[in-house]
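Biologist: Could you take me through this model one question at a time, giving the reasoning before each result?

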Amino acid sequence: MVARLAPRWCLRALRSPLQVIGFPSLQLHMSGIAMRASQEDFENALNQVKLLKKDPGNEVKLKLYALYKQATEGPCNMPKPGVFDFINKAKWDAWDALGNLPKETARQNYVDLVSSLSSSSESSNQVQPGTDRKQQEYENLVVTSEDGITKITLNRPTKKNAINTQMYQEIILALKAASNDDSILTVVTGNGDYYCSGNDLTNFMDIPPGGVEEKAKQSAVLLRDFVGSFIDFPKPLIAVVNGPAMGISVTILGLFDAVYASDRATEMLIFGKKLTAGEACAQGLVTEVFPDSTFQKEVWTRLKAYSKLPKNAMKISKQVIRNMEKEKLHAVNAEESSVLQERCLSDECINAAVNFLSKRAKL
Ligand SMILES: CCCC/C=C/CC(=O)SCCNC(=O)CCNC(=O)[C@H](O)C(C)(C)COP(=O)(O)OP(=O)(O)OC[C@H]1O[C@@H](n2cnc3c(N)ncnc32)[C@H](O)[C@@H]1OP(=O)(O)O
């Protein structure tokens, strides 16, 4: 029943990768030096904008549109729409108003604008420990905070918690929010019978206008940002592996500070073969295995006890340990992500995805 599909390239992500890309302009501003947003910053901003929960209003949307067009196509040289074509005329006016603004400046302004929109929506989502308040609404996650523990639950149980493109972005944002909230520990777990079935293989079907090469490039950026947000996560991060785990969800376990697995997690897919939770524990991928019947009770009792430990001491300890290897992890992440870009276009990868998808469609 279990597809043996985890590509080799992603297994090395265990000891992997990169910087927080989600908020690039923040980093640029902190340096105090006027820097230009890279193409990657721009692509990240394009993804982030899709996740804004609050409608930024027509004025801002027109600004975003105009900056996007200027950044990608340069000055407006389209014929002016008729006066009764209100929407297209408003868009044209906004674009035309940018005159000869250089593409690079438009790109930077776009990134800055998205960053300001994202941070204002984040700051309204700060959670106090012990309040058990549900955080920002996500489509594919449930994030709650209680007793000093922020819990990020992968919430696509009908798809075995497969990670689709939006969910990757949501996880990045949820980690960013958890790193800034008042919680002491952050937990990632799954809703339903699976922890996670890995990359959503239907992601490969969503081909942008730039074709499969563009898709491969976008996937590489997404993977790099996703893994990077685990590398840079500043607080103790615990995986509560409630059931089978596959693909990318297994390969990132090495970036958690502790991994607790139910003995039902018998399908940890690694090196193309199944590994029981006990075997994964023997190999150091899992910290401790609990009987499924008492898994939730035992793990949460323990986590609640940990959440009473001195907050700063735990955070600093984690950072001291992680800082020793951070640079290397980011370098490996960058390398792996560029390998992914290549491998996405390989026959092996395409055939594997097509096999899965065609079985699913019962062709
Ligand atoms: C952008 C960065 C890319 C990073 C890449 C990372 C590497 C990976 O993670 S590769 C992906 C590895 N995962 C797989 O190959 C798992 C594929 N799924 C399966 O083999 C099986 O679905 C299962 C063993 C997880 C469960 O089998 P079971 O028979 O119990 O249930 P199903 O009927 O197959 O599944 C229920 C439902 O869920 C959908 N689904 C499950 N996994 C995925 C997935 N990974 N992607 C997309 N959809 C998935 C499955 O299609 C079913 O949906 P429908 O009911 O709508 O048909």
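Biologist: In which helix is Lys 326 found, and is Lys 326 buried or partly exposed?
Modeller: This is a predicted model, and in it Lys 326 has its place in helix α13. A residue needs 20 or more other C-beta atoms within 10 Å to be buried, whereas Lys 326 has 16, so the class of this residue in α13 is partly exposed.

Biologist: How far apart are the C-alpha atoms of Lys 326 and Asp 232?
Modeller: Lys 326 belongs to helix α13, and along the chain Lys 326 and Asp 232 are 94 residues apart. In space, the separation of their C-alpha atoms is 7.7 Å.

Biologist: Is Asn 333 buried or exposed, and what distance separates its C-alpha atom from that of Arg 224?
Modeller: Asn 333 also lies in helix α13, which covers residues 326-343, and it counts as buried because it has 26 C-beta neighbours inside 10 Å. Arg 224 is 109 residues away from Asn 333 along the chain, and yet the distance between the two C-alpha atoms is 6.1 Å.

Biologist: How are α8 and α13 oriented to each other?
Modeller: The axes of helix α8 (residues 211-231) and α13 are 8 Å apart, and the angle at which the two helices pack is about 160°. The crossing is right-handed. Angles over 145 degrees count as roughly antiparallel, and the orientation of α8 and α13 is therefore roughly antiparallel.

Biologist: Which residues of α13 meet α8, and how many residues of the contact are nonpolar?
Modeller: From α8 the contact takes Ala 216, Lys 217, Ser 219, Ala 220, Leu 223, Arg 224, Val 227, Gly 228 and Ile 231, and these meet Lys 326, Leu 329, His 330, Asn 333, Ala 334, Ser 337, Ser 338, Leu 340 and Gln 341 in α13. Divided by class, the residues of this contact comprise three charged, seven polar and, as the number asked for, eight nonpolar.

Biologist: How are α7 and α8 oriented to each other?
Modeller: The axes of α7 and α8 come within 9 Å and cross at roughly 30°, and α7 passes α8 in a left-handed crossing. Since angles under 35 degrees count as roughly parallel, the orientation of α7 and α8 is roughly parallel.

Biologist: Which residues of α8 make the contact with α7?
Modeller: On the α7 side the contact is made by Thr 165, Tyr 168, Ile 171, Ile 172, Leu 175 and Lys 176. By class, the contact of α7 with α8 has six nonpolar, two polar and two charged residues. On the α8 side the residues are Leu 222, Asp 225, Phe 226 and Ser 229.

Biologist: How far apart are the end C-alpha atoms of α7?
Modeller: Among the buried residues of α7 are Tyr 168, Ile 171, Ile 172 and Leu 175. At 1.5 Å a residue, the 16 residues of this helix should span 22 Å, and the distance in the model agrees with that expectation, the end C-alpha atoms of α7 being apart by 24 Å.

Biologist: Which of the two classes, buried or partly exposed, applies to Lys 160 and to Asn 161?
Modeller: Lys 160 is in the loop between β3 (149-154) and α7 (165-180), and Asn 161 has its place in the loop between β3 and α7 as well. Phi is near 55° for Lys 160 and near 60° for Asn 161, in each case a positive value in a residue other than glycine. Lys 160 has 19 C-beta neighbours inside 10 Å and therefore counts as partly exposed, whereas Asn 161, with 30 other C-beta atoms within 10 Å, is buried.

Biologist: How are α4 and α5 oriented to each other?
Modeller: The axes of helix α4 (residues 58-73) and helix α5 (residues 86-96) come within 8 Å and cross at roughly 60°, with α4 passing α5 in a right-handed crossing. The contact includes Leu 62, Tyr 65 and Ala 66 of α4 and Ala 90, Ala 94 and Trp 95 of α5. Given the crossing angle, the orientation of α4 and α5 is therefore oblique.

Biologist: What percentage of the residues in the protein chain is buried?
Modeller: The protein chain has 14 helices and nine strands, and residues 24 or more positions apart account for 75% of its contacts with a separation of 6 or more. Of the 363 residues in the protein chain, the buried ones make up 42%.

Notes. Residues numbered from 1 in each chain as written. Predicted model: local features only at pLDDT ≥ 70, side-chain atom pairs only at ≥ 80, totals over all residues. Axes fitted to C-alpha atoms, helices over the stretch in contact; angles between N-to-C directions. Helix = DSSP H or I, 4+ residues; strand = E, 2+ residues; numbered from the N terminus. Parallel < 35°, antiparallel > 145°, perpendicular 65-115°, else oblique. Left-handed = near helix turned anticlockwise from the far one by under 90°. Contact = placed C-beta atoms within 7 Å. Buried ≥ 20, exposed ≤ 12 C-beta atoms within 10 Å, placed from the backbone. Expected span 1.5 Å × (residues − 1). Nonpolar A, V, L, I, M, F, W, Y, C, P; charged D, E, K, R; others polar.
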